[in-house]
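Thanks for sharing this one with me. Here are my notes, in numbered points that you can follow with the model open beside you.

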Amino acid sequence: MLDEIPLVLDREAEQPLSVQVAEGLRAAASNGLLRADDRLPSSRALAQRLGVSRTVVAAAYDQLHAEGWIAGRRGSGTYLTTAPAEPPARPSTHSTAEHAPDLLDLGPGAPCIEALDQAAWRRAWRAAADEPPIIRKDRRGEPEYRAAVAEHLLRHRGLGAGSKSVVLATAGTSSAVGELATALLRPGDAIAMEDPGYQRAAGAFVAAGVRVLPVPIDADGLRVDRLPNGIKAVYCTPAHQFPLGTRMQAARRVHLVEFARRAGLLIIEDDYDGELRYDTAPLPLLAAMAPDVVIHLGTTSKILSPTLGIGWLVAAPDITEAVVAHRERTGTGPSPAGQRVLTAFADHGDLARHLRRLRREVPPRRGLVVDELRRRGLEVLGDDAGSHVVVPLDSAEAEQRAMAVGRTRGVALDGLSRHHLVAQQHPLAAAVGPHTFGIALGYTALSWTELRTAIPIAGECLTQP
């Protein structure tokens, strides 16, 4: 064991060698490289290994013995007797199995990996690896990637990127939000956001010093009539509201665009899983309706895998140039590796085939969930789209009870409470109205076998008295 621990002695240092040896062993115990009851080498053997006199090691051992780190056992040798206790784990406020891998995670927002053609996935990675290493990366994103995204958006989302809009590569939605907040807004500026809404986007805004003001939603989407004055932008998920699963109706979309133009503000449209619709064709993107005021964001993490760590941003040239200028100043930008994989995946036609496979694979999963929940008399909310549904509950207590019972039964459930902004932190708290309570149930992360096991348990948890 000790042969694997780096004990480096500096013979030019003022600190005595015996002190350096003691500190090295103490650090190894503190870092977990040495553990209680590990046997240490004899002072002679360690001295030979370090190229020092036996007296040096003996002095180090004496010091550690005095501190209670080591003890000798008659006829056996010297052993580490203690190590610092690990700090107690702080209770997690996260309601999914992010910190509990032994649970069956029914949280929303995960891709359906079972629908992914593994041969096509490997082929794309091999093709990406065949490309020569880059010397300087394009801050806009690899040209081939941006072309593949433009083709994807045109074919699957009806968004044409032309003279009025430009495609940039991003490192995903949250990263893009952070870049927009830094490049376009100033600390103290305010943006409006759906409540409940996507908390990682809210976190990215807050990290940039931007104030996030909650706006309620209803069955038709964001309440445009409740947008506050003085905001610089509106962040929303119109195709499939996260987490409630509704879509913004056409009249509400027109109202939002008109409001943005009158007020001179921007709309940030997060289309995180807009490709996953199973009942009808999705409504036109806000970016297609109003490229002058809409910034469109997309990601591969929901339709393929977070492994790639990439997404896209489509906006007017002045906005994209501001983002690129920010990247040049900070030396940041998305990794080209994921871009190359997605490009290869799209070049072979595998991306289009994958989306068709998803649209066949996911609806039966949703059907299984909806049938089981309704059989138990539970209300199920959410469009026939995306990767999750919502079961409303009457109170925070009912939500917490369902989650707690789920954990004891081996299932992680995601409560809606954590998706609300902390409204009490600003004057518009009263405008938000009561919290929406319930459980967001995802049906894409688990295998079919796991899903058939987890959903009945979830149903039982949600019907607990």
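How do helix 11 and helix 12 lie with respect to each other: roughly parallel or roughly perpendicular? I take that up in point 1; please keep in mind throughout that this is a predicted model.

1. Helix 11 with helix 12. The axes of helix 11 and helix 12 (residues 350-375) are 5 Å apart, and the packing angle is about 80 degrees. Angles of 65 to 115 degrees count as roughly perpendicular, and therefore helix 11 and helix 12 are roughly perpendicular to each other. On the helix 11 side the contact is formed by Leu-342, Phe-345 and Ala-346, and helix 12 brings Asp-350, Leu-351 and His-354. Sorted by class, this contact of helix 11 with helix 12 has 4 nonpolar residues, 1 polar and 1 charged.

2. Helix 4 with helix 11. Helix 11 (residues 336-347) also meets helix 4 (residues 118-130): their axes come within 8 Å and cross at roughly 120 degrees. That angle makes helix 4 oblique to helix 11. The crossing of helix 4 past helix 11 is right-handed. From helix 4, the contact takes in Ala-120, Trp-121, Ala-124, Trp-125, Ala-127 and Ala-128, while helix 11 supplies Arg-340, Val-341, Ala-344 and Phe-345. The class count for helix 4 with helix 11 is 9 nonpolar, no polar and 1 charged residues. Do look at Phe-345 from both sides, since this residue is listed in the contact with helix 4 and in the contact with helix 12.

3. Helix 1 with helix 3. Here the axes of helix 1 and helix 3 (residues 54-67) come within 8 Å, crossing at roughly 50 degrees. Helix 1 and helix 3 are therefore oblique to each other, and helix 1 passes helix 3 in a right-handed crossing. Helix 1 contributes Leu-17, Ser-18, Val-21, Ala-22, Leu-25 and Arg-26 to the contact; opposite them on helix 3 are Val-56, Ala-59, Ala-60, Tyr-61, Gln-63, Leu-64 and Glu-67. By class, that gives 9 nonpolar, 2 polar and 2 charged residues.

4. The second largest cavity. How many cavities of 30 Å³ or more does the structure hold? There are 2 of them, and the second largest cavity has a volume of about 30 Å³. Its lining consists of Leu-25, Arg-26, Ala-29, Leu-40, Leu-64, Trp-69, Ile-70 and Leu-80. Helix 1 (residues 17-30) gives the most to this lining, with 3 residues. The lining has 7 nonpolar residues, no polar and 1 charged. This ties in with point 3: Leu-25, Arg-26 and Leu-64 line the cavity and also belong to the contact of helix 1 with helix 3.

5. The largest pocket. Its volume is about 810 Å³. Of the 32 lining residues, Pro-108, Gly-109, Tyr-198, Arg-200 and Lys-302 are the closest to the centre of the pocket. Two elements, helix 6 (173-184) and helix 7 (199-207), give two or more residues to the lining. Helix 6 has the largest share, 3 residues. In contrast to the cavity of point 4, polar residues do appear here: the pocket lining has 10 nonpolar, 15 polar and 7 charged residues.

6. Cis peptide bonds. Most residues other than glycine have a negative phi, and most peptide bonds are trans. Against that background, please check the bond from Asp-195 to Pro-196, which is cis, with omega near 5 degrees. Pro-196 sits in the loop between strand 6 (190-195) and helix 7. Another cis peptide bond joins Phe-242 and Pro-243, with omega about 15 degrees. Pro-243 lies in the loop between strand 9 (233-236) and helix 8 (250-263).

7. A positive phi. Which residue has a positive phi of about 80 degrees although it is not a glycine? That is Asp-37, and you will find Asp-37 in the loop between helix 1 and strand 1 (39-40).

Key:
Residues are numbered from 1 along each chain as its sequence is written. This is a predicted model: local features need pLDDT of at least 70, side-chain atom pairs count only at pLDDT 80 or more; totals for chains, interfaces and linings use all residues. Side-chain values use heavy atoms; hydrogens and water are left out. On a 1 Å grid over the protein atoms alone, a cavity is a set of points where a 1.4 Å probe fits but cannot get out, and a pocket is an open set with protein on both sides within 12 Å along at least five of seven lines; lining residues have an atom within 4 Å of a point. Grid points are joined across faces, edges and corners, and a volume is the space filled by probe spheres set on the points. Helices (H or I, at least four residues) and strands (E, at least two) are DSSP runs, numbered from the N terminus. Ala, Val, Leu, Ile, Met, Phe, Trp, Tyr, Cys and Pro count as nonpolar, Asp, Glu, Lys and Arg as charged, and the others, Gly among them, as polar. Axes are lines fitted to C-alpha atoms, for helices over the stretch in contact, and angles run from 0 to 180 degrees between N-to-C directions. Angles under 35 degrees count as roughly parallel, over 145 as roughly antiparallel, 65 to 115 as roughly perpendicular and the rest as oblique. A crossing is left-handed if the near helix is turned anticlockwise from the far one by less than a right angle, and right-handed if clockwise. Contact means heavy atoms within 4.5 Å.
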